[in-house]
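Subject: Structure for you to look over

Dear colleague,

I am passing on a structure that you have not worked with before, and below it I have set out what was found. Please read the notes with the structure open beside them.

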Amino acid sequence: MSDSDETDPMPLDLRLAAIVTLLSASALRGPTVAKTAALRTHLFAALADPTLAPQLRDALEQSLAGWRAVDCHPASVSVPLCPLTAPGQSLH
């Protein structure tokens, strides 16, 4: 699926929620082919909204440019959890 294949008339607020969810899932459990493709599609479609504030448009354009450069292995899978600290490390 290419960036321009998005035809679903999803409202911008729901699309932004999907973008945040996909970014979070990719950060916590790693990107996959499916998450990366979905994220690119949502970013591209959000940029088509004429009501975007200039700062949000700029942030989405930069994010899309970065995610276009991501190339996941076709067999990539999410990790079940992502430890935020090394084993035995304690935080104060």
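In which helix of the protein chain is confidence lowest, and in which is it highest? The mean is lowest in helix α1, residues 12-29, where it stands at 93, and highest in helix α3, residues 54-68, where it reaches 96. Please bear in mind that this is a predicted model. For the protein chain as a whole the mean pLDDT is 84, and 77% of the residues reach 70 or more.

As for the overall make-up, the protein chain has three helices and zero strands, and its elements, read from the N terminus on, follow the order α-α-α. Of the 92 residues in the protein chain, 26% are buried. If one takes the contacts between residues at least 6 apart in sequence, 68% of them join residues at least 24 apart.

Two helix pairs deserve a closer description, and both involve α3. Two packed helices are described by the angle between their axes and by the distance between those axes.

I begin with α1 and α3, which pack at an angle of about 40 degrees, their axes lying 13 Å apart. An angle under 35 degrees would count as roughly parallel, and α1 and α3 are therefore oblique to each other. The crossing in which α1 passes α3 is left-handed. On the α1 side the contact is made by Leu16, Ile19, Leu23 and Ser26, while α3 contributes Leu56, Leu60 and Trp67. Sorted by character, the residues of this contact of α1 with α3 comprise six nonpolar, one polar and no charged.

The other pair is helix α2, residues 33-47, with α3; here the angle is about 150 degrees and the axes are 10 Å apart. Because angles over 145 degrees count as roughly antiparallel, α2 and α3 are described as roughly antiparallel to each other. The crossing in which α2 passes α3 is left-handed. From α2 the contact draws on Thr36, Leu39, Arg40, Leu43, Phe44, Ala46 and Leu47, and from α3 on Arg57, Leu60, Glu61, Ser63, Leu64, Trp67 and Arg68. The residues of this contact of α2 with α3 divide into eight nonpolar, two polar and four charged.

As you go through the model, you may like to find Leu60 and Trp67 of α3, since these residues appear in the contact with α1 and also in the contact with α2.

With best regards

Definitions and conventions
Residues are numbered from 1 along each chain as its sequence is written. This is a predicted model: local features need pLDDT of at least 70, side-chain atom pairs count only at pLDDT 80 or more; totals for chains, interfaces and linings use all residues. Side-chain values use heavy atoms; hydrogens and water are left out. pLDDT is the predictor's confidence in each residue, from 0 to 100. Helices (H or I, at least four residues) and strands (E, at least two) are DSSP runs, numbered from the N terminus. Axes are lines fitted to C-alpha atoms, for helices over the stretch in contact, and angles run from 0 to 180 degrees between N-to-C directions. Angles under 35 degrees count as roughly parallel, over 145 as roughly antiparallel, 65 to 115 as roughly perpendicular and the rest as oblique. A crossing is left-handed if the near helix is turned anticlockwise from the far one by less than a right angle, and right-handed if clockwise. Contact means heavy atoms within 4.5 Å. Ala, Val, Leu, Ile, Met, Phe, Trp, Tyr, Cys and Pro count as nonpolar, Asp, Glu, Lys and Arg as charged, and the others, Gly among them, as polar. Buried means under 20% relative accessible area, exposed over 50%, partly exposed in between (1.4 Å probe, protein chains only).
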